[in-house]
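The report below describes the arrangement of two chains, moving from the sheets to the helices and then to the contact between the chains.

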Amino acid sequence: MTRVRAVRRESDSPRRYLHSLWLLSARDLRVRYATSALGYLWSILDPLVMSLIYWFVFTQVFHRKEVGGDPYIVFLILGLLPWVWFNAAVTDFTRAFRKDAKLVRSTAIPRSIWVNRIIVSKGVEFLFSIPVLVVFAIVNGAPVTINLLWFPVAVIMQLLLLIGLGLLISPVCVLFSDLERTTRLVLRALFYASPVIYGIGDLPAPFDVIGAFNPLAGIFSLYRIGFFPSQEDWSVVLIAAIEVVALLILGVAVFRRLEPTVLKGL
Amino acid sequence: MAAIEVTGLGIRFRRARRGRPSLKDLFSSRARRHPGSAEFWALKDVSFQVEAGEAIGVVGRNGQGKSTLLKLVAGVLLPDVGTVAVHDDVAPLIELTGGFVGDLTVAENVRLIAGLHGMSRAEVADRFEGIIDFAELHGRLDTPYKHLSNGMKVRLAFAVVSQLGAPILLVDEVLAVGDKAFREKCYGRIEELLAEGRTLFFVSHNERDLRRFCTRGLYLRGGELALDGPIGDVLDRYNADNAAG
């Protein structure tokens, strides 16, 4: 009889965490791409069509002059690509556990992976869609500045914001049934309340003060700063950074607290 | 060395299974006036130790906390009081086919599930052949999982989890499914694993299976550990209780 070698239980090691995270993110992407003929193009098509629609409405119908920046299509894409990432991730947070309830009930991986795989898979789609931005920026001859280096900083800030929100929203949605719809409604309002189709500086008082407390305002300002120096607003960025950290701390605390209850509720 | 240490374990569930509470419940006064009344203890003050290489059968009537105990040991539920310490990797045969994705192929699913249970890419590659052999699914590697028959699905799932190489095996009554020949094959595999010195934690209603695999029994009654002893004694006590009541 051979004895089984006792191995250290390593289900909590960072390597294994990342491995599981990547497996599930890749699975979500593969399912999405395997089940549609257009596959990868969907990542691009969604924000692209939205950008073209808003471009048409605001430049051809409404004759926008001061709002946003020129070229407006580049300004739009810079807001819409990250918005699509944010919107898709938060929408999926509401079903982060429920959608894979059977797997959550049978696999003892760290539970935050169920939240973070959404951020990663939607984030990969966001990265895939960046060529759209590059093409439009080149075609429209948008001026490039050194401030473009803030773009990756904005990506990291959005990533942290999503982790904080995900740890907060995902478990709470398991416990309270009506939060799924509430979240979707809030998202719809948030689209117009965030500087996506306009810039933070375009808001008249008192909305500019209220709008500054939207963490997306600071993050979108960082995304745009490389092409549109007029979008620079460091106080808004600082507010966003503080809020991101606060949400992250709150999210971790809430998630820890609710984790046992969530598992019982599945 | 103890493989599993359970100390003062307790877990509560909501009694009213009316679905999820709504936001309204959060603010309603009734829930606040009687916070404890809607809950019951599914397990209370359960303590035991399992040595490495032991084969333990959990006995009890439906709703007495057997599956809950297994899930706590597997780490897919977290206790309200007490601790569960598991000192080795675990292969949980719980909700076997749950994690498989219908739109992905057999091969993709094997890599996904094996990976989630902790196998590295290299280990999956090593054991891939063995898994497909055991599941008898040669030539179906590129078939989408949803096109497999129910029997094939269970075979594949059992094949993956039983190849994990984890020293601790948790088995919920999954083996009630599948045809007789495959069930025998699964049992053969479990005996092989036991002979290799693995630890088994087995939940079943089937007295014959319990006597076949297990040496020690845990008898759960009303969420409490009523008896912990040799499997024969535990089954006798369980039968006596149920004949009387």
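## Sheets of chain B

In chain B, strand 1 (residues 2-14) runs antiparallel to strand 4 of chain B, and five bridges join the two; strands pair here if DSSP finds at least two bridges between them. Within this pairing, B:Glu5 has B:Ala85 of strand 4 of chain B opposite to it. The model is a predicted one, in which local features need pLDDT of at least 70 and side-chain atom pairs count only at pLDDT 80 or more, whereas totals for chains, interfaces and linings use all residues. Residues are numbered from 1 along each chain as its sequence is written, while chains are lettered from A and ligands numbered from 1 in the order in which they are written.

Strands 1 and 4 belong to an open sheet of three strands of chain B, in the order 2-1-4 and with antiparallel pairing. Strand 2 (39-51) and strand 4 (81-86) of chain B form its edges, each pairing on one side only, and neighbouring strands of this sheet are turned against each other by 20° on average, direction ignored; the angles refer to axes that are lines fitted to C-alpha atoms, taken between N-to-C directions on a scale from 0 to 180 degrees.

A further open sheet of chain B has six strands in the order 5-6-7-3-8-9, and its pairing is mixed. Here the edges are strand 5 and strand 9 (224-230) of chain B, each of which pairs on one side only, and the average turn between neighbouring strands is 15°, direction ignored. Three pairings within chain B are listed below.

| Strand pair (chain B) | Bridges | Sense | A facing pair |
|---|---|---|---|
| strand 3 and strand 7 (residues 199-203) | four bridges | parallel | B:Val58 and B:Val203 |
| strand 3 and strand 8 | four bridges | parallel | B:Val58 and B:Leu218 |
| strand 8 (residues 216-221) and strand 9 | six bridges | antiparallel | B:Gly217 and B:Gly229 |

How many residues of strand 3 (residues 55-59) of chain B are buried? Five of the five are, so this strand is largely enclosed by the rest of the structure; a residue is buried if 20 or more other C-beta atoms, placed from the backbone, lie within 10 Å of its own, exposed if 12 or fewer do, and partly exposed in between. In a regular strand the side chains alternate between the two faces of the sheet. Both faces of strand 3 of chain B are covered, with B:Ala55, B:Gly57 and B:Val59 buried on one side and B:Ile56 and B:Val58 buried on the other.

## Helices and overall make-up

Chain B has nine helices and nine strands, these being DSSP runs numbered from the N terminus, with H or I and at least four residues for helices and E and at least two for strands. Of its 245 residues, 42% count as buried. Among the contacts in chain B with a separation of 6 or more, 77% are accounted for by residues 24 or more positions apart, where a contact requires C-beta atoms, placed from the backbone, to lie within 7 Å.

Helix 5 (residues 121-135) of chain B has 15 residues, which should span 21 Å at 1.5 Å a residue, and this agrees with the 20 Å between its end C-alpha atoms; the expected span is 1.5 Å times one less than the number of residues. This helix nevertheless bends by about 45° at B:Arg127, the bend being the angle between axes fitted to the seven residues ending there and the seven starting there. B:Arg127 is also among its buried residues, together with B:Ile131, B:Ile132, B:Phe134 and B:Ala135, and the elements covering them include helix 4 and helix 6 (150-162) of chain B. Just after helix 5 of chain B, B:Glu136 takes a positive phi of about 55°.

In chain A, helix 5 (residues 112-139) has 28 residues and reaches 41 Å from its first C-alpha to its last, close to the 40 Å expected. A kink of about 25° lies in this helix at A:Phe128, shortly before the proline A:Pro131, and the helix is followed by A:Gly141, whose positive phi is near 60°.

## Where the chains meet

In the contact between the chains, 38 residues of chain B touch 33 residues of chain A. On the chain B side, strand 5 (90-93) and helix 4 (106-116) are the elements that give two or more residues, and helix 4 of chain B gives the most, with four residues.

On the chain A side, A:Ser106 lies in helix 4 (residues 101-106) of chain A and counts as buried because it has 24 C-beta neighbours inside 10 Å. Leaving aside neighbours within four places in sequence, A:Ser106 is in contact with B:Val76, B:Pro92, B:Ile94, B:Glu95, B:Gly98 and B:Gly99.

Technical notes
Two residues are in contact if their C-beta atoms, placed from the backbone, lie within 7 Å.
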